[in-house]
Number of protein chains: 2
Amino acid sequence: MTIPGGDKRVTLADVAKLAGVSKQTVSRVVNGSAHVTEDTRERVLHCIETLGFRPSALARQLSTGRSQTIGVVSNGGQGYLVTGVAYLGMVRQADRMGYALLIKEMVDFSAGSVRAMLDFLIERQVDGVIWAGPEIGDSHAWLDDFDLASLPMPLVAINAKARPGVDTVSFDNFEAGRLATRHLLSLGRRNIGHISGPANRWVTQQRVEGWRAALAEAGLPEAGRNLVEGDWDVTSGGPGLRRLREICPQLDAVFVGSDRMAIGVLAEAHRLGLRVPEDIAVMGVDNQPESAFLIPPLTSMTQDTPRMAEVALRLLVRRICERRGEPYPEACAIPESPVLYHDLVVRASTLCSKSPTR
Amino acid sequence: MTIPGGDKRVTLADVAKLAGVSKQTVSRVVNGSAHVTEDTRERVLHCIETLGFRPSALARQLSTGRSQTIGVVSNGGQGYLVTGVAYLGMVRQADRMGYALLIKEMVDFSAGSVRAMLDFLIERQVDGVIWAGPEIGDSHAWLDDFDLASLPMPLVAINAKARPGVDTVSFDNFEAGRLATRHLLSLGRRNIGHISGPANRWVTQQRVEGWRAALAEAGLPEAGRNLVEGDWDVTSGGPGLRRLREICPQLDAVFVGSDRMAIGVLAEAHRLGLRVPEDIAVMGVDNQPESAFLIPPLTSMTQDTPRMAEVALRLLVRRICERRGEPYPEACAIPESPVLYHDLVVRASTLCSKSPTR
DNA sequence: CTGAAAGCGCTTACAG
DNA sequence: CTGAAAGCGCTTACAG
């Protein structure tokens with residue numbers, strides 16, 4: 001089996017000459033235009049097959065001005081798991097809608113880097129951008145004083161603070177923190193600590209606020225001191241637990257910012273001879289597939305990251321179509337700034353029952 | 001802050017007109033040609049800045065015939081974790097070498113799908129392809145009777161059987177299986193079972209053979225029956241262990257094909273009241289960051305997937321340059337079909353010592 | 001050092 | 001239904 005077209009590119013013109021028609025007609029056949037005789041269509045198709053003609057997407061893109069490509073900007077440094085899963089949602093949705101994904105990674109989020117990245121995407125003429133880097137401190141501030149309408153293409157930011165004039169698709173991390181904490185409170189825990197993600201992240205800050213809100217609701221505002229910063233990674237779980245117990249010796253529950261860190265917490269609790277959940281209840285966020293199989297099975301919050309990515313892509317396609325004044329596919333009728341919610345999944349690491357909740 | 005160029009694209013010609021030079025000269029400045037007076041260069045640069053000119057990568061690609069884009073074909077269905085990590089290695093290396101990554105996903109690996117995927121990549125005129133889909137049964141057979149030289153661009157297959165005429169970058173999974181089994185044998189285990197990945201995968205088959213080879217070396221060929229098929233996923237670990245114990249009641253060790261499945265095995269062993277490793281030694285493959293923090297810490301085999309991806313990309317760039325008769329960067333001096341090896345990391349799940357190996 | 005011309009491979013109006 | 005012309009925005013020889 002040989003794929004033709006190895007030596008020299010076969011072009012529209014080649015097919016046209018062989019078929020004895022104009023390039024225009026070949027183009028019509030390729031693009032499925034109705035205005036072609038069945039007769040000539042077949043002849044052209046035959047010639048295409050014979051020559052192994054494959055239209056140059058590049059040439060088409062240049063003349064139509066649309067690249068059918070979406071740029072995805074992420075940072076893979078941390079949280080690669082989330083990124084990996086998110087890619088899945090995007091790649092599939094993009095495929096379905098006829099777009100390809102151009103992947104770029106940011107190393108830092110300085111103004112210069114952001115600008116260089118945008119320049120790159122403009123030069124490549126992507127039809128739209130999914131901005132999936134983490135919102136670090138004010139790193140997305142440029143989104144604020146940025147006239148996004150002046151960008152040649154629409155942009156949708158993932159898991160970023162909603163702002164007027166910028167499309168975002170995010171989880172409600174405040175609500176997640178509050179829900180998690182309410183769960184622990186409902187079990188009678190009163191000394192609830194929190195091991196958060198990196199403190200400069202918007203996601204982290206939202207969850208901390210939710211956690212504190214729930215504590216305040218329960219009349220335990222002072223418990224809001226029981227906070228330790230982690231880095232999402234398993235290695236920061238154990239040290240986090242130790243520090244929390246120094247701050248609060250009566251600690252009886254930990255809301256951990258990620259299942260990965262929670263694994264470290266479980267290991268450390270085991271090492272310290274603490275029973276989970278009898279002595280200390282532990283819960284995470286992410287609900288990774290493995291979490292149901294830890295010892296004990298871990299209570300967690302499901303976060304449908306692929307869905308977030310998919311929704312973002314749909315919204316982006318809607319924006320792309322709108323800018324061009326074209327109708328957008330029904331699947332893209334996504335509201336302005338959609339918010340997704342976590343689901344609480346309760347397992348034995350918080351529930352003192354002997355019956356497995358798995 | 002406003003990014004210019006929103007309304008209508010600024011072109012070379014616009015800059016040329018404003019600067020009072022030819023398009024050709026502007027092109028020279030943009031591409032850093034030496035043959036430009038410092039004087040005119042500055043003037044042109046100024047005009048570029050003023051107009052916010054950004055060269056169209058599309059137009060350049062069309063005229064140069066190179067897209068500076070590499071197509072990555074993967075299946076994200078299973079093993080997204082590995083894929084996610086692999087992306088990291090590729091994205092970074094690609095960035096460094098001035099390439100962007102175009103991500104595509106295969107749903108099935110039928111001949112038709114493969115062909116369609118290749119057609120897509122040809123149409124997009126990617127400079128090269130990384131084929132990262134799993135090698136399922138004969139799904140890569142097309143690589144054999146395929147005149148790859150007839151493809152317009154070079155292709156490197158990741159984790160696929162080495163074949164003459166096809167570039168591959170793989171782990172030595174046979175050696176991995178053998179090494180793992182030898183480790184268990186060295187601990188005095190004799191009834192060693194294996195929970196493999198999907199049986200139709202090349203990777204799986206290699207590991208099974210390595211496992212059997214080690215058993216045969218030890219004079220225990222009949223233990224090769226203690227094989228159960230898993231699906232890489234945590235959920236198949238528990239059932240796998242139960243089936244193995246039915247097949248071989250004296251089972252005293254399990255070589256598990258992935259750390260994720262091993263987590264399921266540990267959970268099930270715990271449920272059954274089996275002590276790990278006293279009653280049964282358990283080890284996995286992948287050495288995920290979490291594995292050191294399981295209860296007990298899991299012996300595993302480190303697999304440097306980002307490195308594999310990076311090496312593949314370098315080799316690909318080498319091929320791209322070679323085809324064009326250009327010298328390739330030193331970093332791309334990768335040998336023909338590089339093979340990577342797993343490292344054995346021994347932890348408490350196989351070693352009956354009380355001192356933590358973490 | 002600088003420029004006019006042709007070309008990369010398509011598509012988009014506009015005629016016929 | 002079909003075709004000739006111009007254009008998308010660059011680069012590549014070739015002159016001067």
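Modeller: A polar contact is a pair of N or O atoms within 3.5 Å. The model discussed here is predicted.

Biologist: How far does a backbone N or O atom of B:Ser56 lie from a phosphate oxygen of DNA strand D?

Modeller: The cut-off for a polar contact is 3.5 Å. The backbone of B:Ser56 offers an N or O atom that meets this limit, and its partner is a phosphate oxygen of DNA strand D. The separation is 3.3 Å.

Biologist: Which residue has a backbone N or O atom 2.7 Å from a phosphate oxygen of DNA strand D?

Modeller: Backbone atoms of several residues approach phosphate oxygens of this strand. For A:Ser22 the distance is 3.0 Å. The residue with the value of 2.7 Å belongs to chain B and is B:Leu12.

Biologist: Which helix gives the most residues to the surface near DNA strand D?

Modeller: Helix 2 (23-30) and helix 4 (57-64) of chain A, with helix 2 (23-30) and helix 4 (57-64) of chain B, each supply at least two residues to this surface. The top contribution is four residues, and it comes from helix 4 of chain B.

Biologist: What kind of DNA strand C atom lies 2.7 Å from a polar side-chain atom of A:Gln24?

Modeller: Different parts of DNA strand C are reached by different side chains. An N or O atom in the side chain of A:Asn31 is 3.0 Å from a phosphate oxygen, and a polar side-chain atom of B:Thr37 is 2.6 Å from a sugar or linking oxygen. For A:Gln24, the atom is a base nitrogen.

Biologist: How many residues of the surface near DNA strand C are polar?

Modeller: In total, 26 residues surround DNA strand C. Seven of them are nonpolar and five are charged, while the polar residues number 14.

Biologist: Is A:Ala86 buried or exposed?

Modeller: A:Ala86 is found in helix 5 of chain A, which covers residues 80-96. Beyond its neighbours within four places in sequence, A:Ala86 is in contact with A:Thr305 and A:Ala309. Because its relative accessibility is 10% and the limit is under 20%, A:Ala86 counts as buried.

Biologist: Which residues of chain B are in contact with A:Leu101?

Modeller: A:Leu101 is among the residues with the most contacts inside the largest nonpolar core, which has 58 residues. Leaving aside neighbours within four places in sequence, its partners in chain A include A:Ile70, A:Val72 and A:Met90. From chain B, the partners are B:Leu101, B:Leu102 and B:Ile103.

Conventions: Residues are numbered from 1 along each chain as its sequence is written. Chains are lettered from A and ligands numbered from 1 in the order in which they are written. This is a predicted model: local features need pLDDT of at least 70, side-chain atom pairs count only at pLDDT 80 or more; totals for chains, interfaces and linings use all residues. Side-chain values use heavy atoms; hydrogens and water are left out. Buried means under 20% relative accessible area, exposed over 50%, partly exposed in between (1.4 Å probe, protein chains only). Contact means heavy atoms within 4.5 Å. A polar contact is a pair of N or O atoms within 3.5 Å; within protein, one must be able to donate a hydrogen and the other to accept it, and residues adjacent in sequence count only if both atoms are side-chain atoms. A nonpolar core is a set of buried Ala, Val, Leu, Ile, Met, Phe, Trp, Tyr and Cys residues joined through side-chain atoms within 4.5 Å. A residue is near a molecule or strand if one of its heavy atoms lies within 4 Å of it. Ala, Val, Leu, Ile, Met, Phe, Trp, Tyr, Cys and Pro count as nonpolar, Asp, Glu, Lys and Arg as charged, and the others, Gly among them, as polar.
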